[in-house]
Structures are given as C-alpha cells and as structure tokens.
Amino acid sequence: MARERKLLQQAVAIVAVIPVATGLYGVLFGQALTGDAVSISAESHFRYLSGLLLGIGLCFWSTLPSIEIHTGRIRLLTLLVVIGGLSRLIGLALTGLPSLVMLGGLIVELIVAPVLCLWQTRVANRYAEEYGVAEA
C-alpha cells in the first residue's frame with residue numbers, strides 16, 4: 001500500500017503542476033498566453049479565472065502529505081475540474097476546435113482528473129481496511 005500511495009502522491013503532484021503553472025501565468029500575464037487582444041474587463045475576468053485555476057492546483061497539492069484521508073477534498077476538486085472540462089467541451093461544440101494545448105487540457109479535465117480521483121478512492125479504501133478509518 002505504501003508504494004501505491006507514493007505513486008499516487010507523485011502523480012497528483014505532477015498533474016497539479018498544470019493548473020498551478022497556467023493559473024499563475026494567467027494571473028501575472030493575463031491573455032498574453034493566447035496572444036489575443038481583449039478589453040480590460042475581459043482581461044480582468046481571465047485573471048480571475050486564472051486565480052481559480054491556481055487555487056485548484058494548490059488545493060490538490062495540499063492533499064499530498066496525507067492523500068489517503070482526503071477523499072472528500074479530492075472529489076470536490078475533481079468535480080470542479082470536470083465541470084470546467086464539460087464547459088470547455090460545450091465551447092468546442094459551439095465555436096469549433098481550440099488549439100492542441102486546449103485539447104490537452106480537455107483530456108486532463110475529463111479523463112486524467114477522474115482517473116486520479118478513482119485511484120485516490122482505491123488508496124483511501126485500502127488505508128481504511130488497514131487502519132479502520134477513512135474520510136468520506
């Protein structure tokens with residue numbers, strides 16, 4: 001169990017680099033990431049959403065020390081990520097294909113994050129069997 005827990009911690013740590021890095025970049029540089037010129041209000045909204053992305057990544061990192069007991073937090077964060085991915089998917093249907101980077105984000109949001117969530121549940125259940133406790 002200790003090996004699987006460590007692998008899960010490493011996977012979550014690596015995947016969470018994506019929202020932390022892109023969120024921080026968006027907060028600091030705004031829409032420069034896309035190269036599009038937008039209004040000041042759109043720029044402000046982009047920075048706000050980037051801050052949320054940064055926060056989600058930091059919250060995922062906050063689960064790392066005791067990842068086996070943070071099932072509720074992981075599930076909530078995964079739900080937020082999946083809702084964002086579904087929103088991106090709706091945008092794809094309404095406006096067309098975005099860049100490959102954005103399609104990569106879609107894969108992380110709709111496939112990678114749920115798989116990590118299910119893996120965390122497995123680790124949490126094994127922890128509960130061994131120690132008799134787990135967070136819902």
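**Group meeting: five helices and a lined pocket**

Leu97 is exposed, with a relative accessible area of 69%, and I begin with this residue before moving on to the rest of what is a predicted model. Leu97 sits in the loop between H4 and H5, and if we set aside the neighbours within four places in sequence, its contacts are with Leu92 and Leu103. To place Leu97 relative to another part of the chain, take Leu58, which is 39 residues away in sequence and 29 Å away in space, C-alpha to C-alpha.

Let me now step back to the protein as a whole. The protein has five helices and zero strands, so that, under the assignment used here, where helices are DSSP runs of at least four residues, the order of elements from the N terminus on reads α-α-α-α-α. The C-alpha trace spans about 55 × 30 × 20 Å along its principal axes. Of the 136 residues in the protein, 29% are buried, while the exposed surface comes to about 8,200 Å², with carbon and sulfur atoms supplying 71% of it. As for how the chain meets itself, among the contacts with a separation of 6 or more, 68% are between residues 24 or more positions apart.

That brings me to the largest pocket, which holds about 1,200 Å³ of space. Which residues of its lining lie nearest its centre? They are Thr22, Leu53, Arg88, Met102 and Glu109, out of a lining of 39 residues. Each of the five helices, namely H1 (2-15), H2 (17-29), H3 (40-62), H4 (71-95) and H5 (100-131), supplies at least two residues of that lining, and the largest share, twelve residues, comes from H4. In terms of residue class, the lining of the largest pocket divides into 24 nonpolar, 13 polar and two charged residues.

Next, the largest nonpolar core, which has 15 residues, and in which Leu8, Val12, Ile56, Phe60, Ile67, Val81 and Leu116 touch the most other members. At least two residues of this core come from each of H1, H3, H4 and H5, with H5 giving the most, four residues. Val81, one of those well-connected members, is in contact with Ile56, Phe60, Glu109 and Ala113 once its neighbours within four places in sequence are left aside. Glu109 is therefore a residue to follow on the screen, because besides touching Val81 it is listed among the lining residues nearest the centre of the largest pocket, where lining residues have an atom within 4 Å of a pocket point.

Two further residues deserve a look. Is Gly23, in helix H2, buried or exposed? Gly23 counts as buried, because its relative accessibility is 0% and the cut-off for buried is under 20%. Not counting residues up to four places away in sequence, Gly23 touches Ile18, Ser50, Leu53 and Leu54, and of these Leu53 is also one of the residues nearest the centre of the largest pocket. By way of distance, the C-alpha atoms of Gly23 and Ala2 are separated by 31 Å, with their positions 21 residues apart along the chain.

Pro65, finally, lies in the loop between H3 and H4, and with a relative accessible area of 58% it counts as exposed, because the cut-off for that class is over 50%. Leaving aside its neighbours within four places in sequence, Pro65 is in contact with Arg5 and Gln9. For the second of these, the separation is 56 residues in sequence and 8.0 Å in space, C-alpha to C-alpha.

Terms used. Residues numbered from 1 in each chain as written. Predicted model: local features only at pLDDT ≥ 70, side-chain atom pairs only at ≥ 80, totals over all residues. Heavy atoms only, no water. 1 Å grid on protein atoms, 1.4 Å probe; cavity = no way out; pocket = protein on both sides within 12 Å on 5 of 7 lines; lining within 4 Å. Points joined across faces, edges and corners; volume = space filled by probe spheres on them. Nonpolar A, V, L, I, M, F, W, Y, C, P; charged D, E, K, R; others polar. Core = buried A, V, L, I, M, F, W, Y, C linked by side-chain atoms within 4.5 Å. Buried < 20%, exposed > 50% of the residue type's maximum accessible area, 1.4 Å probe, protein only. Contact = heavy atoms within 4.5 Å. Areas by Shrake-Rupley, 256 points an atom, 1.4 Å probe, with all protein chains shown as cover.
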